[in-house]
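Subject: The two-chain model

Hi,

Here is the structure I said I would pass on. Open it next to this email and follow along as you read.

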Amino acid sequence: MAEVAIKEEKPKLTKKDFASDQLIRWCPGCGDYSILSAMTSALPQLDIPKEDIVFISGIGCAARFPYYMNTYGFHTIHGRGPAIATGVKLANPKLSVWEIQGDGDALAIGGNHFIHALRRNIDINILLFNNEIYGLTKGQYSPTSPTGLVTKSTPFGAIERPFSAGELVIGAQGNYYARTIDTSPKLMTDIFIKAAKHVGTSMIEILQNCVIFNDNTHGKITDRENRDDFQLHIEHGQPMLFGKEKQKGLRLNGLKLETVTIGENGVTEKDILVHDAHEPDATLHMMLIRLKPPEFPMVLGIIREVSAPAYSQRLEEELKHSSQKSKYTCMDDLLNSGETWEVK
Amino acid sequence: MNETLTNGKKTTVERDKVVLRFAGDSGDGMQLTGSQFSFTSALFGNDLATFPDFPAEIRAPLGTVEGVSGFQVQIGQVNIYTPGDLADVLVAMNPAALKSNLRYARVGATIIVDIDAFDKRNIEKAGFSNNPLEDSSLDAFNVVKAPISSLTKTALEGIQLDNKSIMRSKNMFALGMMYWLFDRPLTDTERYLDSKFKKMPALAEGNKKALHTGFHFAETIEALPSMYKVPAAKIEKGRYRHISGNVATAWGFMAAAEKMGKKIFYGSYPITPASDILHELSKYKHLGVITLQAEDEIAAVCSAIGASYAGQIGLTASSGPGIALKGEAIGLAIMAELPLIVVDVQRGGPSTGLPTKTEQADINIALYGRNSESPCIVLAASTPSDCFEFAYMATKLAFEHMTPVMLLTDGYLANGSEPWKFPKMSELADITVPMATPNGEAYLPYLRNKETLARYFAVPGMPGFEHRIGGLEKQENTGNVSYDPNNHEDMVKVRAEKVERVANYIPELKVMGEGKGKLLVIGWGGTYGSLHTSVSELWKEGKSIDHAHFNYINPLPKNTEQLLSSYERIIVCELNMGQFASYLRSKFPHLKFESYTKIQGLPFTVTELKEKFIDLLK
């Protein structure tokens, strides 16, 4: 009997399709809500079937994220998300794997897995919700807390120096690093879409506010009066301009970046650095990552986006190569290979 | 039975079984020499068992006791289950090898030494105060002083090889001597050398020359008055190959993967003595194996869990220290009810302990080494070749029951090898994964099969089955996060019950012997060979003694209690402080279990076991 294949046109997915039926249990006012909303806005624009999307997380407030997505999701153990996501991706490379971490999860208990996922260039998207505090354990300092921060476990102020997530990405030979902030839904959505399309590990740091234990920690760059001067939204191929009238910019002076104003001291737009996210040499990316107020604006956007083969692609190549070389095609071949003998 | 025959001017002594031990510096190639002898004997038709005994250091200083590497093999015309207690023939390539291996030679053994290596410096380095070949300390042995180094050097003159390569051929000289002594053909090893040195014909020629020279030397000298004759054993018909425990473990998983039409994902961090599983599996990418050398033990197990979650076979292996690190993640797989296989190739502990020595002290960590109520299925392989069967079974149980399985092997099984009558793939049991199927209703990730209590499995990529799981306690059926007190108690119990019910799907315990009597010897895992040999020898002497060996540790076979109740005394023998005995006491409090243990990083010897059993039977 002849069968006729009916090509069913799947209805386009919407934001609502990605919201799960679970009650969201983050604190009212938490920055995580806007990240969740940006994610459910981004996914329908990706044209990936819902069943092929997996959210993996470790432990922490951020790690509850998978429960709120109507996709496949696995809430695992503290810090191990990148390792679990690695196994998921290598076991089924067609999946779109998103891995959600907080600053403690990614950079303290799970620091090792975080850097090795980047080094291997596993094709996953890591979202680091950075609120510079431990929320779920109720307010201890984190590896990104600034020195001097008074918390429950540092009543006299933190004496440690904080990690910068972006610097770790570069140190781990990461090829994709973007920084965004929970108050910029459009920027988040845009970056999520681009990160999903990037082949290899995409690391997105989201500056996120913990309304309970570290409120306003990113306030200096989000306050209405400062935000234009302290946020530099960069785009590949565009000059690095900021300020209310986009009159300020970054210029390279010797081995250092400096802030200049167009029209002052003979500075023209031609003097302003044009962002090249695709440059493999990470020197300038590293300099951009390190900038912070009050001397400089905080750089937001895709700072580094360099193409390189992902781990699963190399694995695929290796597989082709080894199949061509091999004498065995199945276990019976292998069992009978080499020296065997018959006992009669 | 010893029979003396004449063979020209030399005599031939026929033996049921003979133990050989090769010992030399780590770089002397003793493992290769031993495995070549074993292989040739297997092809000849002997049954055999091997035991490599090497140092933790890769190349400890030349000539020191710390750097000695040994290889013991027992060959027989009878069935062989152990590498033997004491050697009938010991080859010692230098004074340090003699010093550290003399204790493994039986009184009257033939000891072949490389006399060229017994200079003043080497004798001192080995820690001898006098040259042992010149005082009376070796009077109880038949010492053959063979100029192995110098004769190898002379024989290889004219072959285009540097001095180092020439000296490295001396192990073949020693092997040649053994081949004469046991009336073995040289052809199998020659074929091996031709293949190994295909690209370096001078090395192949040099090694073969050394082999022949050793053979003729042994034939000529009067110090070797007799040849041993160990005729072919009467072993079960079929097709055989040689296999070590770690290779058998790797192949068992590969066989299961092929049967299931899935890929293996092996996450692993290198650790002695488990690394050979990684080496073996990483060769077979085209047979559906993905190996990831992870950044640490935790990533190794977590990536395997991720792979299982995504629908392939998540597998990891380690030894004690690594298993300790994996505990939290194994708990996650128990909670999420995902299949996972964890191999523990046990070694001496605690902490770093004795990395290259064997022990059975991880039964407690396998059973209890996780927080809270987190039962695992625990299996233990008992011979190098049955590592295949139990790796296969571990995979089958993990998937059919949707829960992690710990497979215990040990350093002795991992590195030991034996002839193996290997199966055809078609003879292996089917593996059926309880996959969820569309039924028009919403998928419930924690809905269970009524018989096994395994949950129905859906993996990413299956449309319509999107769901969330995790390490938080979950509501039955829906899998939603639940902090409900009664639900938690129910879920803890159902996870335990699921593991208990595995007893309905595993073979019953078999006892070797009468099934009742004065003494039952219990063992588990890698001690099978020595316990089986000791008990069967005593049985032949008419003693009332049986042997029961456990491969299924948790759950125990269903008939365990009934079988154990039929004996006057029960002795549990294991290479630890009595962990399995304690476990059995907790399971069967009304039965009395005595415990016999050894914690020396070494297997039991048949002699010590027999002595103990005879004592208990008095």
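Let's begin where the chains meet: 55 residues of chain B are in contact with 48 residues of chain A. Keep in mind as you read that this is a predicted model. On the chain B side of that meeting, several elements each supply at least two residues, among them α1 (30-44), β10 (238-244), α12 (320-336) and β18. Which element of chain B gives the most to the side that touches chain A? That is α11(B), with nine residues. Sorted by class, the side of chain B that touches chain A has 30 nonpolar, twelve polar and 13 charged residues.

One piece of chain B goes a step further and pairs with a strand of chain A. Strand β2 (residues 72-75) of chain A is joined to β18(B) by three bridges, and the two run parallel. If you want a spot to click on, find F74(A), whose bridge partner in β18(B) is I469(B).

That pairing belongs to a bigger picture. Nine strands form an open sheet, in the order β9(A)-β13(A)-β7(A)-β8(A)-β4(A)-β3(A)-β1(A)-β2(A)-β18(B), with mixed pairing. Why do β9 of chain A and β18 (468-470) of chain B each have one side left without a neighbour in the sheet? Both stand at the edges with a single partner strand each, so there is no neighbouring strand on that side. From one strand to the next, the twist averages 20°.

Further into the sheet, strand β1 (residues 53-57) of chain A and strand β3 (residues 96-102) of chain A run parallel, joined by five bridges. Here V54(A) has V97(A) as its bridge partner in β3(A). Helix α6 (residues 185-197) of chain A packs on the sheet, touching β3, β4 (125-130), β7 (176-181), β8 (202-207), β9 and β13 (298-305) of chain A. The direction of this helix makes about 165° with that of β7(A).

Now zoom out to chain A as a whole. Chain A has eleven helices and 14 strands, and its C-alpha atoms fill a box of roughly 95 × 50 × 45 Å along the principal axes. Of its 344 residues, 45% count as buried. Take the contacts in chain A between residues at least 6 apart in sequence: 65% of them join residues at least 24 apart.

Chain A is also divided into domain 1 (22-238 + 275-314) and domain 2 (240-274). Their C-alpha centres lie 28 Å apart. Where they touch, domain 1 of chain A brings 13 residues and domain 2 of chain A brings eight residues. On the domain 1 side, α8 (227-230) and β9 (231-234) of chain A are the elements that give two or more residues, and β9(A) gives the most, with three residues. So you meet β9(A) twice: at an edge of the sheet and at the contact between the domains.

Over in chain B, have a look at strand β3 (residues 17-25). Eight of its nine residues are buried, so β3(B) is largely enclosed by the rest of the structure. β3(B) is joined to strand β5 (residues 68-76) of chain B by nine bridges, and these two run antiparallel; L20(B) stands opposite V73(B) there. With strand β6 (residues 87-92) of chain B, β3(B) pairs in the parallel sense over four bridges, and A23(B) has A92(B) as its bridge partner.

Next, a pair of helices in chain B. Helix α4 (residues 148-155) of chain B and helix α6 (residues 170-181) of chain B pack at an angle of about 105°, with their axes 9 Å apart. That makes α4(B) roughly perpendicular to α6(B). The contact is made by I148(B), S149(B), L151(B) and T152(B) of α4(B) with K170(B), F173(B) and A174(B) of α6(B). By class, that comes to four nonpolar, two polar and one charged residues.

Last stop: N246(B), which sits in helix α9 (residues 245-260) of chain B. Is N246(B) buried or exposed? N246(B) is buried, because 29 other C-beta atoms lie within 10 Å. Beyond its neighbours within four places in sequence, N246(B) is in contact with D276(B), I277(B), E280(B) and A414(B). N246(B) and G411(B) are 165 residues apart in sequence, yet 9.1 Å apart in space, C-alpha to C-alpha.

Enjoy exploring!

Notes: Residues are numbered from 1 along each chain as its sequence is written. Chains are lettered from A and ligands numbered from 1 in the order in which they are written. This is a predicted model: local features need pLDDT of at least 70, side-chain atom pairs count only at pLDDT 80 or more; totals for chains, interfaces and linings use all residues. A residue is buried if 20 or more other C-beta atoms lie within 10 Å of its own, exposed if 12 or fewer, and partly exposed in between; C-beta atoms are placed from the backbone. Two residues are in contact if their C-beta atoms, placed from the backbone, lie within 7 Å. Domain bounds come from an automatic or database domain assignment. Two strands pair if DSSP finds at least two bridges between them. Axes are lines fitted to C-alpha atoms, for helices over the stretch in contact, and angles run from 0 to 180 degrees between N-to-C directions. Ala, Val, Leu, Ile, Met, Phe, Trp, Tyr, Cys and Pro count as nonpolar, Asp, Glu, Lys and Arg as charged, and the others, Gly among them, as polar. Angles under 35 degrees count as roughly parallel, over 145 as roughly antiparallel, 65 to 115 as roughly perpendicular and the rest as oblique.
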